[in-house]
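Student: I'm new to this structure and would like a close look at one part of it. Could you pick a residue, show me its surroundings, and then lead me on to the rings and the nonpolar interior?

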Amino acid sequence: MSDSHVNATGGSHKLNTGFHIPLVGFGTYKVVGDDVMTAIDAALTAGYRMFDTAKYYNNEKELGEAIKVFFSIFFSPQFPFLQVLLPKHGLTRSDIFLTTKFFPERDDCRKACENFVEESLKNLNTNYIDMYLVHYPKPNVCDNDDEKNAEYRKVAYQVLEEAQAAGKIRSVGVSNYEIKHLEELKTHAKVPPCANQVEYHPHFVRKELHDYCKMENIFFQAFSSLARHEKALIEDPVVVELAKKHQTTVPLPASSPRMGSSSGRRNRSKIRDTGENR
């Protein structure tokens, strides 16, 4: 299959669906409103080609508008700067890898999740999404020990499988799943998850989970790879010395993907980059 991400800047990884995902991505958590357009323009200029959003981030529509501006082949008097931006980046939709995700819902989970997929396609101004994830193994409003969580996440995953079969999604995955959740998937999933997006950085090395994902051919993707810029990591003597060795700043070695270990990272934008990542 034709895949423009094979030679992505920073490298790529071949998912178990056959598609390649860039190893370095641009996370849009807490990037909202007018900041989205500015951030996406800067990210494209810097070479980013993977963009990560979610229902929880409340910015799918803004990201979709940015993409429409950058990639629409039709001139619109409403966006006269199209003539500048398109030649500037020289890209098409196939050059961009879009990831989004949703939490399972407690009320009428199937219908809600089906609506989420359709809403994402509309918001992102695209007829397919490269990778869609179940954001968390339970609804946001449910307690961790709710006995119905297993059914909620099962339905959510099934909806994504059905959307993939319909050509609306290329790759289906999960986020914040532990080994027990991934094992549970084996009891009902028709297709294995292509990825598991979890918090991962030098001060939170999840070796058992990482090794499990590698063994099961599940792409291990990190979020908060800079530990939310925590002082303890940014000023860690080992990290600082590594940065000096490579004549760069601390964030680069601290968030560098572990080449050859089926790992990648999703960098969070520094625009209003505060609070807990989800």
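Tutor: Happy to! Let's begin with Ser-175. Setting aside its neighbours within four places in sequence, Ser-175 is in contact with Leu-133, Val-134, His-135, Tyr-136, Pro-137, Asn-196, Gln-197 and Phe-223. Keep in mind that this is a predicted model. Ser-175 belongs to strand β7, which covers residues 169–175. Is Ser-175 buried or exposed? With a relative accessible area of 0%, Ser-175 is buried, because buried means under 20%. Its side chain also makes a polar contact of 3.2 Å with the side chain of Asn-176.

One of the residues that Ser-175 touches, Tyr-136, takes us to the aromatic rings. The model has 9 aromatic pairs. In one of them, the ring centres of Phe-103 and Tyr-136 are 5.8 Å apart and the planes meet at 20°, so this pair is stacked. Phe-103 sits in the loop between β5 (97–102) and α4 (109–123), while Tyr-136 sits in the loop between β6 (129–134) and α5 (149–165), so the pair ties together parts 33 residues apart in sequence. Phe-103 is buried, at 8% relative accessible area, whereas Tyr-136 is partly exposed, at 26%.

Another pair to look at is Tyr-200 with Phe-220: their ring centres are 5.0 Å apart and their planes stand at 85°, so the pair is edge-to-face. This pair also links distant parts of the chain, with Tyr-200 in the loop between β8 (195–199) and α7 (207–215) and Phe-220 in strand β9 (residues 219–223), 20 residues apart. Both Tyr-200 and Phe-220 are buried.

Returning to Phe-103 and Tyr-136, these two form one aromatic cluster together with Tyr-29, Tyr-56 and Tyr-57. Elsewhere, Tyr-128 has charged company: the charged end of Arg-93 sits over its ring, 4.1 Å from the centre, and Arg-170 lies over the face of Tyr-128 at 4.0 Å from the ring centre.

Now for the nonpolar interior. In soluble globular proteins, nonpolar side chains tend to be buried together. Here the largest nonpolar core has 46 residues, and Phe-51, Val-117 and Leu-182 have the most contacts inside it. Helix α5 gives the most to this core, with 7 residues. Beyond four places in sequence, Phe-51 touches several residues, including Phe-26, Ile-40, Leu-63 and Ile-96. A second, separate core has 10 residues, among them Ile-21, Leu-23, Met-131 and Leu-133. Leu-133 brings us back to the start, as one of the residues in contact with Ser-175.

Conventions:
Residues are numbered from 1 along each chain as its sequence is written. This is a predicted model: local features need pLDDT of at least 70, side-chain atom pairs count only at pLDDT 80 or more; totals for chains, interfaces and linings use all residues. Side-chain values use heavy atoms; hydrogens and water are left out. Rings of Phe, Tyr and Trp (its six-membered ring) pair if their centres lie within 6.5 Å; planes under 30 degrees apart count as stacked, over 60 as edge-to-face and the rest as tilted. Helices (H or I, at least four residues) and strands (E, at least two) are DSSP runs, numbered from the N terminus. Buried means under 20% relative accessible area, exposed over 50%, partly exposed in between (1.4 Å probe, protein chains only). A charge sits over a ring if NZ of Lys or CZ of Arg is within 6 Å of the ring centre and within 35 degrees of the ring normal. A nonpolar core is a set of buried Ala, Val, Leu, Ile, Met, Phe, Trp, Tyr and Cys residues joined through side-chain atoms within 4.5 Å. Contact means heavy atoms within 4.5 Å. A polar contact is a pair of N or O atoms within 3.5 Å; within protein, one must be able to donate a hydrogen and the other to accept it, and residues adjacent in sequence count only if both atoms are side-chain atoms.
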